[in-house]
Amino acid sequence: MKQRSGSLLRRPSVAQRGNEVKFKEELSSAAKRNNSRIVLALDLEDSNPEELAKRSQKVLESVKDYVCALKLNRQLILTLGLRGVADTVLKLANEYSLPAIMDAKLNDVGHTNGFMARAYFDLGFDAIIASPVVGWENGLDIVFETARTRDKAIILLTYMSNPGAEAFYSLPVLQPTGTKKPVFEIFTDLALKWKAHGLIVGATKPAIISRVRELAGSGLPIFSPGVGAQGGDPRMAMAAGSTYLIVGRSIYGASDCKEAADRIRREIAK
Ligand code: O7E
């Protein structure tokens, strides 16, 4: 089981660590331990909170040795509430030493972003996903500062996996130099400038993954959702430069979740 507060005491101070956060260490150690680059997106739906908690815990228990992290979206938060999520799936993820990512897509003004970041981090999430579209000043500045003081991570949404994403994320933007740059390249530059801990790029767009990898260098993890149910190919995404795949329905919707996770894990290890 993870020793969250104990391990903090033995770590170097926030200033000494630079951009290294506990999340990165825990993620790569879980990836090594389970020989897996799969982040489980646990997005089950059920109007009955008790049923939802039970089903979610069952899925997590069955794939705990086949994934390297857990990502939650609003499905569980809105049905179980923050406390319900903490007492069920977050508790289990902690027992299994799997870091937990909150897919909040933070995208508001500073004080509201700050409130959400504190609420999710203090509940036990190790990383939060935010959208760079809101900008730095009185936007994401407080989110990064909240993460920094708590030794937590921020992952930036860089290019979405859905077909409609192109209309915005590929939009060319006129630069002061007179050249044009697509929105996702600007977001990649911002992730580097702001010292984000990871990027989200849809697995359905291998060419975009390659370009982001080229711009971001080898140090920044790329998390790619959209394999299976959304049509993305796991091997193509990894070959293009993704570091981790975010997978939901192909695992929790399978009749045998463990076998489904293992199949994807073996496929990307080839
Ligand atoms: O298609 P699935 O079932 O494998 O689920 C994919 C998960 O990744 C789901 O939680 C969805 O909300 C999320 N996601 C995408 O599908 N596409 C994106 O572009 C971005 C995300 C995501 O994780 O957002 C992080 C900002």
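Colleague: Which strands each supply at least two residues of the shell around the ligand?

Modeller: This is a predicted model, so keep that in mind throughout. Start with the elements that feed the shell. Here they are strand 3 (100–106) and strand 10 (244–247), each giving at least two residues.

Colleague: Which residues come nearest to the ligand?

Modeller: The shell counts 17 residues around the ligand. Asp43, Ser161, Gln230, Gly248 and Arg249 come nearest.

Colleague: How many shell residues are nonpolar, polar and charged?

Modeller: Sort the shell by class. Eight residues are nonpolar, four are polar and five are charged.

Colleague: What polar contacts does the ligand have?

Modeller: Look for N or O pairs within 3.5 Å. Take Asp43: an N or O atom of its side chain is 2.5 Å from a ligand oxygen. For Gln230, a polar side-chain atom lies 2.7 Å from an oxygen of the ligand. Asp103 also takes part, with a side-chain N or O atom 3.2 Å from a ligand oxygen.

Colleague: How much of the ligand does the protein bury?

Modeller: Compare the ligand alone with the ligand in place. Alone, the ligand exposes 550 Å², and the protein buries 92% of that. The ligand takes up the space of the largest pocket.

Colleague: Now Ser36. Is this residue buried or exposed?

Modeller: Check the relative accessible area; under 20% means buried. Ser36 is buried because its value is 3%. Ser36 sits in the loop between helix 3 (22–33) and strand 1 (38–41).

Colleague: What does the side chain of Ser36 reach?

Modeller: The Ser36 side chain reaches the backbone oxygen of Tyr66, at 2.6 Å.

Definitions and conventions:
Residues numbered from 1 in each chain as written. Predicted model: local features only at pLDDT ≥ 70, side-chain atom pairs only at ≥ 80, totals over all residues. Heavy atoms only, no water. Near = heavy atom within 4 Å. Polar contact = N/O pair within 3.5 Å; in protein donor to acceptor, adjacent residues only side chain to side chain. Areas by Shrake-Rupley, 256 points an atom, 1.4 Å probe, with all protein chains shown as cover. 1 Å grid on protein atoms, 1.4 Å probe; cavity = no way out; pocket = protein on both sides within 12 Å on 5 of 7 lines; lining within 4 Å. Sits in = over half its atoms within 2 Å of the grid points. Helix = DSSP H or I, 4+ residues; strand = E, 2+ residues; numbered from the N terminus. Nonpolar A, V, L, I, M, F, W, Y, C, P; charged D, E, K, R; others polar. Buried < 20%, exposed > 50% of the residue type's maximum accessible area, 1.4 Å probe, protein only.
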